[in-house]
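User: I would like a close look at a single part of this structure, with its surroundings described step by step. Please keep the wording plain enough for a first-year student.

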Amino acid sequence: MEFNIIEICLLGGLVFCLLVQLYFSLFVHLKLANVKINQVNEQQQQAISVIICARNEAENLKQFLPHILSQNYPNFEVIVVNDRSWDGTADILEKFEKSFSHLKVVTVADGDKFIAGKKFAVTMGIKAASNEWLVFTDADCEPASTNWLAEMQPPYNENTALLLGYSPYFKRKSLINVLIRFETFFTAVNYLSFALKGMPYMGVGRNMAYKKSLFFKNKGFAAHMHIPSGDDDLFVNANANSINTEIRIHPESHVWSEPKTSLFAYLRQKKRHFGAGKMYKSKHKFILSAQIIIQFAFYVLGITLLFFPSTLYIALGIFGFSILIRSFIYPKLLKRLNYGELRWWFPILDVILFVFLVLNGILSIFVKKVQWK
C-alpha cells in the first residue's frame with residue numbers, strides 16, 4: 001500500500017500526538033494511580049487554623065460548618081471571614097460562636113477601604129490565624145469524614161510548607177454535572193501527578209494547606225492582587241516547588257463541594273480560571289498548552305485520516321490503541337478519586353469532554369468579566 005505525501009505527513013503527526021499523549025498517561029498520570037498512601041502519624045499532630053471565606057453563605061454555613069467544627073483533631077481553630085454579607089451570614093455565625101469556642105469570626109465591613117475580592121478576605125483570615133499551619137476550604141464544602149484535618153495535618157518533614165488536597169463534586173442527576181465532575185477529575189489528576197513528579201503548578205482552595213510564614217515571606221497575593229481569582233492556584237504556582245510540596249489523596253482527606261448547576265455559571269467559573277492561568281510560570285503554561293494542543297491535534301488528525309481509504313484502518317487502530325492504554329489507567333484513577341461510577345463510561349466521556357472543552361473555550365470568549373460573588 002502506497003501513501004502520498006499528505007497521508008504520510010498526517011500519519012506522522014498522528015503518531016507523534018499519540019506518543020506525547022501516552023507520555024502524559026504512562027509517565028505522569030500513572031504515577032498517581034500507583035502511589036502508596038501513607039498512614040498519618042497521630043503523635044506528630046500540630047495546631048491548625050482552618051480558614052473559610054464566606055460571602056452570602058448563610059445556608060451553606062448552616063449545613064456544612066458543623067462538619068468543620070466537629071473534626072476529630074486535638075488542636076485546631078476555625079476562622080470564618082464574613083466578607084460583606086447581607087443574607088444573614090452574620091447571625092448564623094453569631095449562633096455558632098456561642099456553641100463552639102474554637103470558632104473565630106472576622107468581619108469585613110462594606111465600605112471599608114480595601115481592594116474588594118476574595119484575596120483580601122483570605123488575607124484577613126490569615127492575619128487572624130493563631131497557628132503556623134493553615135488549612136483552606138470553602139463555605140459550600142463538606143469534609144469526607146471527621147478525620148479530614150487528621151489527614152491534612154502538617155507533615156513531619158519540616159521542609160514541606162504546602163499541601164495539595166483533592167476536592168470532588170457531589171453527584172447530581174444532569175449531564176452538566178457529569179461533565180463538570182469529569183473535567184474536575186482530569187484537572188486534579190494533572191496537578192496532583194505533576195506535584196508527585198516534582199513540578200507542582202496549582203491547587204484548589206477548597207482543600208489545601210500551607211504555612212503562614214510562607215504566605216508572608218512571599219508577600220501573599222501582592223503579585224496578582226488585580227486578578228479576581230488565583231488565591232489558590234496562583235499562590236501555589238508562585239511558591240510551590242519539588243522540595244516544599246506534598247499531596248494528600250487519602251479518601252478521608254477529600255472535601256466534597258457543590259458543583260455549578262448551569263452551563264452559564266460553569267462558564268463564568270472557567271473564565272476566572274482562564275484569567276488566572278495566564279499568569280502561570282512559562283514552563284507550566286507551555287506544558288498545559290501542549291497537553292491541550294496535542295489532544296486537539298490527535299482528534300483532528302485522526303478524524304481527517306478516516307476519510308482516506310488507505311489510512312482508514314490505521315487511524316482506527318491508533319484510536320483503539322490509545323483508548324486501550326488509557327482505559328487501564330484512568331478508570332483506576334476515577335475509582336481512587338471518588339468518581340468510580342464514571343469509570344465504565346470513560347471512553348465516551350473522554351471524547352465528549354474534549355468537544356465540551358473546545359466549545360467552552362470558544363464560548364468563554366463571550367462571557368463578560370467576572371469577580372468573586
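Analyst: The part to look at is strand β4, and both of its faces are covered: Trp133, Val135 and Thr137 on one side are buried, and so are Leu134, Phe136 and Asp138 on the other. This is a predicted model. Six of the six residues of β4 are buried, so the strand is largely enclosed by the rest of the structure.

The strands beside β4 come next. Strand β1, residues 48–54, is joined to β4 (residues 133–138) by six bridges, and the two strands run parallel. Two pairings can be picked out along this border. Isoleucine 52 stands opposite threonine 137 of β4, and cysteine 53 has aspartate 138 of β4 as its bridge partner. Threonine 137 and aspartate 138 were listed above on opposite sides of β4, and both are buried. In β1, isoleucine 52 points one way and cysteine 53 the other, and both of these are buried too.

β4 also pairs with β7, here in the antiparallel sense and over four bridges. One of the pairings joins phenylalanine 136 to methionine 208 in β7. Phenylalanine 136 is on the side of β4 that also holds Leu134 and Asp138.

β1 can be read in the way β4 was. Seven of the seven residues of β1 are buried, and the strand is mostly covered. Ile48, Val50, Ile52 and Ala54 point one way, while Ser49, Ile51 and Cys53 point the other way. Besides its bridges to β4, β1 has seven bridges to strand β2 (residues 76–83), and β1 and β2 run parallel. Alanine 54 is bridged to asparagine 82 in β2.

The chain connection between β1 and β2 involves a helix. β1, helix α2 (residues 58–69) and β2 make up a β-α-β unit, and the unit is right-handed. Asparagine 56 is placed in the loop between β1 and α2. The phi of asparagine 56 is near 55°, which is a positive value in a residue other than glycine. Asparagine 56 counts as partly exposed because its relative accessibility is 24%, and partly exposed covers the range between under 20% for buried and over 50% for exposed.

Another residue with a positive phi can be set beside asparagine 56. Lysine 219 has a phi of about 60° although it is not a glycine. Its place is the loop between α7 (212–217) and α8 (233–239). Lysine 219 counts as exposed because its relative accessibility is 66%, and the cut-off for exposed is over 50%.

On the far side of the pairing just described, β7 takes in residues 208–211, and the loop between α6 and β7 holds glycine 198. Glycine 198 is partly exposed, with a relative accessible area of 30%. From glycine 198 to asparagine 244 there are 46 residues in sequence, and their C-alpha atoms are 9.5 Å apart in space.

Helix α6 spans residues 175–196, and phenylalanine 182 and phenylalanine 186 both lie in it, four residues apart, about one turn of the helix. A pair of aromatic rings is described by the distance of the centres and the angle of the planes. For phenylalanine 182 and phenylalanine 186 the centres are 5.2 Å apart and the planes are at 80°, which makes the pair edge-to-face. Phenylalanine 182 is buried, with a relative accessible area of 0%. Phenylalanine 186 is buried as well, at 17%. The count of aromatic pairs comes to 24. Ring pairs also link Tyr23, Phe24, Phe27, Phe194, Tyr201 and Tyr280 into a cluster.

Tyr23, Phe24 and Phe27 bring in helix α1, which covers residues 5–34. α1 has 30 residues and reaches 42 Å from its first C-alpha to its last, close to the 44 Å expected at 1.5 Å a residue. The helix bends by about 30° at valine 28. At the N-terminal end of α1, asparagine 4 acts as a cap, with a side-chain oxygen 3.1 Å from the backbone nitrogen of isoleucine 6.

Helix α4, residues 118–128, can be compared with β4 for burial. Eight of the 11 residues of α4 are buried, so this helix is also largely enclosed by the rest of the structure. Among the buried residues of α4 are Lys118, Lys119, Phe120 and Ile126.

Definitions and conventions:
Residues numbered from 1 in each chain as written. Predicted model: local features only at pLDDT ≥ 70, side-chain atom pairs only at ≥ 80, totals over all residues. Heavy atoms only, no water. Expected span 1.5 Å × (residues − 1). Bend = angle between axes of the 7 residues up to and from the residue. Polar contact = N/O pair within 3.5 Å; in protein donor to acceptor, adjacent residues only side chain to side chain. Phe/Tyr/Trp six-rings, centres within 6.5 Å; stacked < 30°, edge-to-face > 60°. Buried < 20%, exposed > 50% of the residue type's maximum accessible area, 1.4 Å probe, protein only. Pairing = 2+ DSSP bridges. Right-handed = clockwise from strand over helix to strand, strands pointing away.
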